[in-house]
Amino acid sequence: MSDAPAIRPMPRIGDPAPDFTAMTTHGELTLSAWQEGKWVILFSHPADFTPVCSTELTEFGRRAKEFDQRGAKLMGLSVDSIHSHLAWHQNLGKILDVKLPFPLVADSNRSVSELYGMIHPGASATVTVRALFMIDPKRIIRAIIYYPLNIGRNVDEVVRALDALQTADKNGVACPVNWKPGEKVIIPPPKTEKEVAARLALPNVE
C-alpha cells in the first residue's frame, strides 16, 4: 500500500465551490455564510508587497463598486500572513490612495490554496499562481481563469465574463466572441413547436 499523499482533484467548471473557513482582513469568514446568495469572485495573488500584485489589488479596489452593482463580492487570497495583509493594505492606501473594501484571505497554511488548486509546482511550489474563480449564487463554479506569476490579469475581462454569465443565465442565451452588454447574443434553436411560437414573439435580448 502506497504512503504517497492523496492527490486532490482541482475544482472544475460546474463543480460545487469547496467551502472553507479562514482568517481574513475582515476577520474569520466562512465562504458559504459570507457569500449571502451573491456571486463571488475568488482570486489569488502570489505575494504581498510585489509590483504586479499591487497593481491588481488596487485595480480591483478602484472597481469594487462595479462588482457590487452586479451582485458580486470580491475575495482575494495569498499564502501571506494576516499581519502582512494588513500592512500591505495600509501601504496601498498611503501610497496609491486606494482602499480595499473586500477581504483578503491569509492562507499561510495553504489549506484553501490546495483546496482550489492554486499552487502549481511547475510555476512555484511555495506561492499561488493568479487563479480566479467565478462562483454563482448557488455556489457552483462557473468560470476559472489562470494567469502566470509574472502577468497581471485583465479586470475588464473579469467584468465582461461576469456580465456574459449573468446575461446567459437570465435569458437562456449564449454570448459570442468579444461580446459586451447591449450587443447581439446567440439564441439556441427551438426544440418544440411551442418553443418556435415563443421564439417568434421574443424581443431582441440585450
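**Close-up 1. Crossing of helices α2 and α4 in the predicted model.** In this predicted model, the axes of helix α2 (residues 51-62) and helix α4 (residues 82-96) cross at roughly 75 degrees and come within 11 Å. Helix α2 is therefore roughly perpendicular to α4, since angles of 65 to 115 degrees are classed in this way.

**Close-up 2. Residues at the contact of α2 with α4.** Helix α2 contributes Cys53, Ser54, Leu57, Thr58 and Arg62, which meet Trp88, Leu92 and Leu96 of helix α4. By residue class, the contact of α2 with α4 comprises 5 nonpolar, 2 polar and 1 charged.

**Close-up 3. Burial of strand β3.** Strand β3 spans residues 39-44, and 6 of its 6 residues are buried, so the strand is largely enclosed by the rest of the structure. In a regular strand, side chains alternate between the two faces of the sheet. Trp39, Ile41 and Phe43 lie on one side of β3, while Val40, Leu42 and Ser44 lie on the other. Both faces of β3 are covered, as the residues of either side are all buried.

**Close-up 4. Pairing of β3 with strand β4.** Strand β3 and strand β4 (residues 72-78) are joined in the parallel sense over 6 bridges. One of the bridge partners in this pairing is Ala72 of β4, which is matched with Trp39.

**Close-up 5. Pairing of β3 with strand β6.** With strand β6 (residues 130-135), β3 pairs in the antiparallel sense over 4 bridges. Here Phe43 has Leu132 of β6 as its bridge partner. Strand β3 thus pairs in the parallel sense with β4 and in the antiparallel sense with β6.

Conventions. Residues numbered from 1 in each chain as written. Predicted model: local features only at pLDDT ≥ 70, side-chain atom pairs only at ≥ 80, totals over all residues. Heavy atoms only, no water. Axes fitted to C-alpha atoms, helices over the stretch in contact; angles between N-to-C directions. Helix = DSSP H or I, 4+ residues; strand = E, 2+ residues; numbered from the N terminus. Parallel < 35°, antiparallel > 145°, perpendicular 65-115°, else oblique. Contact = heavy atoms within 4.5 Å. Nonpolar A, V, L, I, M, F, W, Y, C, P; charged D, E, K, R; others polar. Buried < 20%, exposed > 50% of the residue type's maximum accessible area, 1.4 Å probe, protein only. Pairing = 2+ DSSP bridges.
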